[in-house]
Amino acid sequence: MILTVTVNTALDVTYRVPALLPHATHRVTEVAERPGGKGLNVARVLAALGHEVTVTGFAGGPTGRVVRDLLTGVTDALVPCAAPTRRTVAVVDERTGDATQFNEPGPVVTPAEWSAFQEAYERLVAGADAVALCGSLPPGVPVGAYAGLVRTARAAGVPVLLDTSGEALRRAVAARPDLIKPNADELAELTGSHEPLRATQDARRRGARSVVASLGPQGLVAATPEGRWRATPPACLRGNPTGAGDAVSAGLLSGLVEGLPWPRTLARAVALSAATVLSPTAGDFDRSAYEDLVGRVTVTGEVTAA
């Protein structure tokens, strides 16, 4: 079982409009709702790849009930909270395929709710093959929360993928996660370097065992104990990027659990990300596009000693 943690869950709402124009009234042609937040997006992709997945985090209020009602293909271990789960709204311009995103703030989590979550997490980790810690921290959750969750998983001998940013990332890296997946801006903020290959090596020195940085349409760069690689898609694709980074995390985590070599894992992650951009619904991926792309991702690099 793979455990994904989404402390700041969301209900993702996607609107499609013929054209998105400032200061205009828009007629929405299609509305879609999905359970959201980075870890839930990761879980959905992992389940589609055939993995057994359990999701945890917080769900509260009417929005939280909708999120739970819409969960499919995964085991629901979300912890209740009093404040309502947030919403995110993506407005897709059908003319260009581009998306504009609006993210609400998360619910305020009380100390008692955070303690209840930590207890549930410790029980769940004991039965997991791997853990993904994903996304922002809602108000009320301590900034060092992910560092503590990383240490709990490491104490249980369970590998951890971490995908967050800012101070939460900086503190958690020091707890020595097995894998972090920042984007280029997050990696630069962590290390002070804007050269991705150098920055990935610096992030490893700060505590992460392996670092895979997302460069958006340019693919991924990776620094691991086994080597350094760059993986690029066969073409620059336009579409809705919502959830594309989470598809990368799912590809990386599935490769880790399946014991795949890094080049195959990176090719899978890039193909899943590209197939998510091509999907009309936020957080989903186009399976036929994925199957077409995975064999055409270019992976270059070198094997090095640990």
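Colleague: In this predicted model, is D202 buried or exposed?
Modeller: The relative accessible area of D202 is 15%, and the cut-off for a buried residue is under 20%. Since its value falls under that cut-off, D202 counts as buried.

Colleague: Which residue meets D202 in a salt bridge?
Modeller: General background helps here: side chains of opposite charge can pair when their charged atoms come close. The partner of D202 lies 3 residues away in helix α7, residues 196-205, so the two are separated by about one helical turn. This partner counts as exposed, at 63% relative accessibility. The salt bridge, at 4.0 Å from N to O, joins D202 to R205.

Colleague: How many residues apart in sequence are the parts that E258 and R268 tie together?
Modeller: The closest N and O atoms of E258 and R268 are 3.0 Å apart, and the two residues form a salt bridge. E258 is partly exposed at 39% relative accessibility, whereas R268 is buried at 12%. Because E258 lies in helix α8, residues 244-258, and R268 lies in helix α9, the pair ties together parts whose separation in sequence, in residues, is 10.

Colleague: How many residues does α9 give to the largest nonpolar core?
Modeller: As a general tendency in soluble globular proteins, nonpolar side chains are buried together. Helix α9, residues 262-277, has 16 residues, and 14 of these 16 are buried. The largest nonpolar core has 47 residues, among which V212, L252 and L266 touch the most other members. To this core α9 gives the most, and its number of residues there is 9.

Colleague: How is the aromatic pair of W114 and F117 classed, as stacked or edge-to-face?
Modeller: W114 and F117 are 3 residues apart in helix α3, residues 111-125, and so are separated by about one helical turn. Both W114 and F117 are buried. Their ring centres are 5.2 Å apart, with 20° between the planes, and planes under 30 degrees apart are the ones counted as stacked. The pair of W114 and F117 is therefore stacked.

Colleague: What is the angle between the planes of F285 and Y290?
Modeller: F285 and Y290 are both buried, and the centres of their rings are 6.0 Å apart. Planes over 60 degrees apart count as edge-to-face. The rings of F285 and Y290 are classed as edge-to-face because the angle between their planes is 85°.

Definitions and conventions. Residues are numbered from 1 along each chain as its sequence is written. This is a predicted model: local features need pLDDT of at least 70, side-chain atom pairs count only at pLDDT 80 or more; totals for chains, interfaces and linings use all residues. Side-chain values use heavy atoms; hydrogens and water are left out. Rings of Phe, Tyr and Trp (its six-membered ring) pair if their centres lie within 6.5 Å; planes under 30 degrees apart count as stacked, over 60 as edge-to-face and the rest as tilted. Helices (H or I, at least four residues) and strands (E, at least two) are DSSP runs, numbered from the N terminus. Buried means under 20% relative accessible area, exposed over 50%, partly exposed in between (1.4 Å probe, protein chains only). The expected span of a helix is 1.5 Å times one less than its number of residues. A nonpolar core is a set of buried Ala, Val, Leu, Ile, Met, Phe, Trp, Tyr and Cys residues joined through side-chain atoms within 4.5 Å. A salt bridge is a side-chain nitrogen of Lys or Arg within 4 Å of a carboxyl oxygen of Asp or Glu.
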